[in-house]
Amino acid sequence: MEHSEEWRRRAKCHWTSIEAFKDSLSDDQPEVKAWAEEQRSGSEVFYPPRDHVLYTPVADYAKAICNGKDFKAPCAVRIECLLYALRNNEEHGIFGGMSHRERNALLRKWRRRRPNLDLQASDDSLRADAQRMVDERGK
């Protein structure tokens, strides 16, 4: 499935509404509300602005969608999304519930454990290993 990238159609970020993000904001976040008003689609929350006031609330919202929050299930293709970002060295955006910095930290840890790590491999063991790394990170 990863190679055909059919997983992208199943990703929650593909179906995220900018209106839902706007509704989640409190009145004490006028800068974030102004930014949200300028956005055309919900998928833009997965590319938070670099502005220090805006980054955290936008990134946290995107991560909550990926990882599941408020009794909602995590995105069904979160691991595929994470592997896509790692394989393609995505430098911006939230992929698999992680920022670029978080993905780099995860990759360093993963490579210490598995020095011959091949991210281009398409076997199920790579996906299972990625799932274990993400689960350990959350503890």
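In this predicted model, Arg132 forms a salt bridge with Asp129, and the closest N and O atoms of the two residues are 3.3 Å apart. Arg132 and Asp129 are 3 residues apart in helix α7 (residues 124-138), which means that about one helical turn separates them. Salt bridges that share partners join Arg114, Asp129 and Arg132 into one network. The points below follow the salt bridges, then the packing of two helices, the nonpolar cores, and finally helix α5.

**Salt bridges**

- With a side-chain nitrogen of Lys or Arg within 4 Å of a carboxyl oxygen of Asp or Glu as the rule, the count comes to 7 salt bridges.
- The two partners in helix α7 can also be described by their accessibility: Arg132 counts as partly exposed because its relative accessibility is 45%, whereas Asp129 is buried, with a relative accessible area of 11%.
- Another salt bridge is formed by Glu102 with Lys63, where the closest N and O atoms are 3.1 Å apart. Glu102 lies in helix α6 (residues 100-113) and Lys63 in helix α4 (residues 52-67), so this pair ties together parts that are 39 residues apart in sequence.
- Within that pair, Glu102 has a relative accessibility of 22% and therefore counts as partly exposed, while Lys63, at 16%, counts as buried.
- Glu37 forms a salt bridge with Lys22, with 3.6 Å between the closest N and O atoms. This pair links distant parts of the chain, since Glu37 belongs to helix α3 (residues 30-38) and Lys22 to helix α2 (residues 18-24), and the two are 15 residues apart.
- Glu37 counts as exposed because its relative accessibility is 55%, whereas its partner Lys22, at 16% relative accessibility, counts as buried.

**Packing of α3 and α4**

- Two packed helices are described by the angle between their axes and by the distance between those axes.
- For α3 and α4 the angle is about 75 degrees and the axes are 9 Å apart, which makes α3 roughly perpendicular to α4.
- On the α3 side the residues that meet the other helix are Glu31, Val32 and Trp35, and on the α4 side they are Val53, Leu54, Pro57 and Val58.
- Sorted by type, the residues of the contact of α3 with α4 are 6 nonpolar, no polar and 1 charged.

**Nonpolar cores**

- The largest nonpolar core has 16 residues, and those with the most contacts inside it are Phe21, Val32, Trp35, Val45, Phe46, Val58 and Ile94.
- Helices α2, α3 and α4 each supply at least two residues of this core, and α4 gives the most, with 7 residues.
- Leaving aside residues up to four places away in sequence, Ile94 touches Phe46, Pro48, Tyr55, Ala59, Ala62, Lys63, Cys66, Ser99 and Arg103.
- Apart from the largest core lies another one, of 14 residues, among them Ile79, Met98, Leu106 and Leu107.

**Helix α5**

- In helix α5 (residues 78-87), 10 of the 10 residues are buried, so the helix is largely enclosed by the rest of the structure.
- The buried residues of α5 include the charged residues Arg78, Glu80 and Arg87, and also Ile79, Cys81, Leu82, Leu83, Tyr84, Ala85 and Leu86.
- After α5 comes Asn89, whose phi is positive, near 50 degrees.

Terms used: Residues are numbered from 1 along each chain as its sequence is written. This is a predicted model: local features need pLDDT of at least 70, side-chain atom pairs count only at pLDDT 80 or more; totals for chains, interfaces and linings use all residues. Side-chain values use heavy atoms; hydrogens and water are left out. Helices (H or I, at least four residues) and strands (E, at least two) are DSSP runs, numbered from the N terminus. Buried means under 20% relative accessible area, exposed over 50%, partly exposed in between (1.4 Å probe, protein chains only). Axes are lines fitted to C-alpha atoms, for helices over the stretch in contact, and angles run from 0 to 180 degrees between N-to-C directions. Angles under 35 degrees count as roughly parallel, over 145 as roughly antiparallel, 65 to 115 as roughly perpendicular and the rest as oblique. Contact means heavy atoms within 4.5 Å. A nonpolar core is a set of buried Ala, Val, Leu, Ile, Met, Phe, Trp, Tyr and Cys residues joined through side-chain atoms within 4.5 Å.
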